[in-house]
Each structure stands twice: as C-alpha cells, then as structure tokens.
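Biologist: I am new to this structure and would like a close look at a single part of it, set against the whole. Please take your time over the answer.

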Amino acid sequence: MIINKFQGKTEEEATKKAKSELGENCVVMNVREIKPKGMFKSFKNSTFEVTAAMEEKEDYGYGSLSKPKKIQDINLAADEDIVIPPPEKEFVIPKVPPKPVTKNVAPAKKNPNIIQESEEDELLSIEKRLDNLTNLLDEKNIPVNPLSQEELNYIRLIYSTLLKNEVNEKYANQVVAEIEKMIRPGNNLDMILSNFYQKLVLRLGRPEEITLHEKKPKVIFFIGPTGVGKTTTIAKIASKYKLEEHLDVALVTADTYRIAATEQLNVYAEILQVPLTVVYTPEELNVAIASYEEKDLIFVDTAGFSHKNEEQRNAMKELIAQVPDEIEKEVYLVLSATTKYSDLCNIADIYKDISEYKLIFTKLDETDTFGNILNIRLYTKAELSYITTGQNVPNDIELLDTQKIVKQLLGGN
C-alpha cells in the first residue's frame with residue numbers, strides 16, 4: 001500500500017496531484033487545511049494537504065509470500081498517532097488477551113483493562129473462529145510470519161473487537177490475512193493497530209454527498225424499506241440545501257400507499273416553503289420534473305415494499321427508469337443501522353435489481369455497533385453517503401465520518 005501526502009492551493013488541486021501520481025483509483029483518506037502562521041499570516045492564503053493511498057498490485061501466489069516486501073513508513077489518515085493509552089483514555093484495547101474460560105472452572109474477577117465476553121460460550125466461539133483462521137492458512141500452505149506471542153495475542157484481540165462490533169467474520173478474516181502478511185517480527189503494537197486502521201479506512205472509502213453540476217434539475221430518488229426513515233431523511237437533506245446552500249428545491253412523493261407519509265412531507269414542504277407534488281405513475285413524475293425544470297434539486301420519496309411484492313418492485317423500477325436520459329439522477333438506498341446483517345443483504349439484493357445506488361444509514365443513535373456499515377459497503381460495493389443520528393429536522397444528519405467509524409470498530413469512542 002502506497003500512502004503519500006500532496007499539497008495545493010485548493011483541495012481540488014491537491015487531489016488532482018494525488019490522482020496524477022497514484023492513479024485515478026487512489027483513495028483520498030484525509031483532507032487538511034493548512035492555515036498560514038507568523039506575523040504576516042493575514043497576507044497569506046491557506047493551502048490544502050491531501051493524504052491519499054493506493055493499494056499496490058501484489059502477486060498472491062504462494063511464492064510471492066516467501067520473500068517479504070519492504071514496509072513503507074505509515075502515515076495515519078488523521079495525521080495523528082494512534083497509541084495504546086491507559087484504560088481511562090479513548091482507545092481501550094489491552095496488550096494482554098483474556099485467558100480462555102473453560103467449563104468447571106470458577107470465573108475470574110473481571111479486569112476493567114481486559115476485553116471481557118458476556119458469556120463463556122461467546123468467548124469459546126471467538127477462540128474457535130480464530131483457530132479456524134490459522135488452520136485455513138495452514139491447509140493452503142501459506143507461510144505465517146513468526147510473530148511473537150504478544151503480537152499474535154494483540155491481533156486476536158483486535159479481531160475479537162471487530163466481531164463484537166458485528167463486522168462479518170468473512171471481512172474480518174480478510175483484513176487479518178492482509179495484516180499478517182504485512183507485519184514483521186519486532187513491529188510494535190502501535191504499528192499493528194495503525195495497519196488495521198488504514199485497511200479499514202481504505203475499505204470504507206470516501207463518502208460522497210449530493211453535488212450539483214451545471215446541468216439541472218438533478219433528480220434524487222430515495223428508496224428503501226418501510227420504517228427506515230426515508231421521509232425524515234429527505235426533509236433533513238432538503239433543509240440543508242435550501243437553508244445552507246441556498247439552492248432552489250422541490251419535493252415529489254410517490255409514496256401513495258401511506259397517507260401519513262404524504263402528510264408528513266407536506267408539513268416539511270410548508271416549513272421550508274418549497275413545492276410538493278404527489279405522483280402515481282411514471283408519466284406523472286415526468287410531468288412534475290418538467291414543471292420544475294428551473295429547480296436545482298428535486299427530491300423524490302418512494303414507497304417501501306415487501307421483498308415478496310413483485311408488482312410494487314416492478315413499479316418502482318419503472319418509475320426510476322422512465323426518467324428521461326437528459327435528466328441527471330441519483331438513487332440513494334436508505335437503510336437502518338439497527339437491521340441485522342442477513343436482512344440488510346436481502347434488502348440490498350432486492351433494490352440492486354431496481355437501480356444502482358449509494359448508501360445512507362439511519363438510526364445510528366439506536367445502536368452501539370456499526371459493523372454493518374462496513375459489511376454492506378463491502379457486500380454491495382456501493383458508495384457510502386449520509387448518516388442520521390436522531391429525529392430532529394434539520395439536524396441529526398451528517399456525511400459519514402470514515403475515521404470516526406473505524407475508531408469505533410476498533411474499540412474507541
């Protein structure tokens with residue numbers, strides 16, 4: 001993995017330099033504004049520093065693993081060292097793992113400095129999965145670096161923390177396998193943690209927000225199952241672009257199955273002083289879009305439906321597909337962070353058949369585990385976007401903070 005920093009007079013200039021050197025597929029991990037210092041700072045302009053990364057193309061044949069590659073210096077995405085602080089500080093990931101609990105043995109007193117399992121069976125299950133990971137490497141004759149017991153225990157603790165945060169075992173194993181190939185004996189624990197941090201940041205990618213180009217109007221569809229908060233999310237985003245960006249906004253609802261949804265959106269439309277149109281067919285949607293041709297953004301609310309209702313699924317697919325090609329459109333799949341992983345996969349598959357989409361996660365205030373954000377990002381390959389953390393309009397919405405989510409997945413706050 002290649003990680004470099006690039007500076008420019010603007011963020012766009014610095015990003016262009018990064019893509020010029022690392023390639024168009026590089027991932028921008030962090031953007032930092034560098035303000036001038038000194039007595040003449042008022043006469044100088046700020047510059048921007050972009051931290052970008054690109055995965056090196058590797059030969060994953062067994063022969064390539066026998067010759068270790070040189071490890072480059074690692075720069076954290078947030079331009080700060082991740083350290084292992086004492087228990088009272090933010091990152092509480094201990095250096096000493098918990099001893100396996102066996103049956104017929106009295107449980108030891110809980111140590112606040114050690115990650116404890118809530119149940120004996122849960123700990124044994126994690127240990128079993130860790131052993132399976134090692135056995136899998138052995139079966140494939142893939143050499144494992146001769147790490148110290150402390151290093152191996154620390155990797156196990158981080159792996160366990162990822163599973164506790166409901167990162168799917170498949171994706172946790174992939175990250176661990178990559179880390180094991182990179183680490184060399186003698187690496188300190190900070191280095192191990194920073195490698196996990198960077199791998200997860202790269203996997204989440206850089207979230208994308210709604211942007212307006214010269215061509216307008218831009219039509220934004222919000223799709224997703226009932227009860228995830230689509231209508232409230234639309235109101236929050238419409239408020240942002242109407243009140244903060246001062247753009248000309250219109251609302252359209254095709255959710256005619258729930259009267260309450262139309263009434264709710266109508267209240268928001270009156271508060272924001274923006275027009276609202278109710279449509280029942282693709283033809284009516286096109287008429288509404290044509291009537292709003294001078295608007296900047298048109299937000300379209302849609303009905304949730306059961307995965308078994310093929311008629312509704314086909315109707316929504318037609319609604320989105322019938323928008324004229326000359327009209328720019330985007331589709332956002334709205335998901336609840338509280339939904340279990342298997343259900344999220346089913347939902348993602350159903351809506352993938354309807355349209356390509358970006359992801360919005362709601363109800364992050366109702367859960368303490370965010371592994372499904374990473375899981376569905378990797379499962380769908382769709383770009384991440386906004387998250388919501390409450391019901392307040394126009395507040396409680398923001399662009400997903402990749403670095404914050406990764407720190408939480410690794411046991412931080």
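Biologist: What does the accessible surface of the protein come to, and what share of it belongs to carbon and sulfur atoms? After that, please look closely at G304 and tell me where its place is.

Modeller: This is a predicted model, and its accessible surface comes to about 21800 Å², of which 49% belongs to carbon and sulfur atoms. The protein has 413 residues, and 46% of them count as buried; there are twelve helices and eleven strands. Among contacts between residues at least 6 apart in sequence, 75% join residues at least 24 apart.

With that background, we can turn to G304, which is found in the loop between strand β7 (297-301) and helix α9 (310-321). G304 counts as buried because its relative accessible area is 15%, and buried means under 20%. Leaving aside residues up to four places away in sequence, G304 touches G224, P225, T226, K230, Q312 and Y351. For one of these, T226, there is also a distance to give: the C-alpha atoms of G304 and T226 are separated by 4.4 Å, although the two residues are 78 apart along the chain.

Another of the residues that G304 touches, Y351, leads on to the nonpolar interior, since Y351 is listed with F196 and F361 as having the most contacts inside the largest nonpolar core, a set of 73 residues. Helix α5 (residues 189-204) gives the most to this core, contributing nine residues. F196, again not counting residues up to four places away in sequence, touches I155, I158, L162, V175, V176, I179 and L410. Apart from this core lies another, of 21 residues, with I237, L272, L297 and Y332 among them.

Some other loops deserve a careful look at the backbone. In the loop between α5 and β4 (218-223) lies P217, which is joined to K216 by a cis peptide bond with omega about 0°. P394 has its place in the loop between β10 (384-388) and β11 (397-399), and the peptide bond leading to P394 from V393 is cis as well, with omega near 10°.

Positive phi values occur in residues other than glycine, including E166, where phi is near 65°, and K381, where phi is about 65°. E166 lies in the loop between α3 (149-164) and α4 (169-182) and counts as partly exposed because its relative accessibility is 44%. K381 lies in the loop between α11 (371-380) and β10, and with a relative accessibility of 63% it counts as exposed.

Conventions: Residues numbered from 1 in each chain as written. Predicted model: local features only at pLDDT ≥ 70, side-chain atom pairs only at ≥ 80, totals over all residues. Heavy atoms only, no water. Core = buried A, V, L, I, M, F, W, Y, C linked by side-chain atoms within 4.5 Å. Buried < 20%, exposed > 50% of the residue type's maximum accessible area, 1.4 Å probe, protein only. Helix = DSSP H or I, 4+ residues; strand = E, 2+ residues; numbered from the N terminus. Contact = heavy atoms within 4.5 Å. Areas by Shrake-Rupley, 256 points an atom, 1.4 Å probe, with all protein chains shown as cover.
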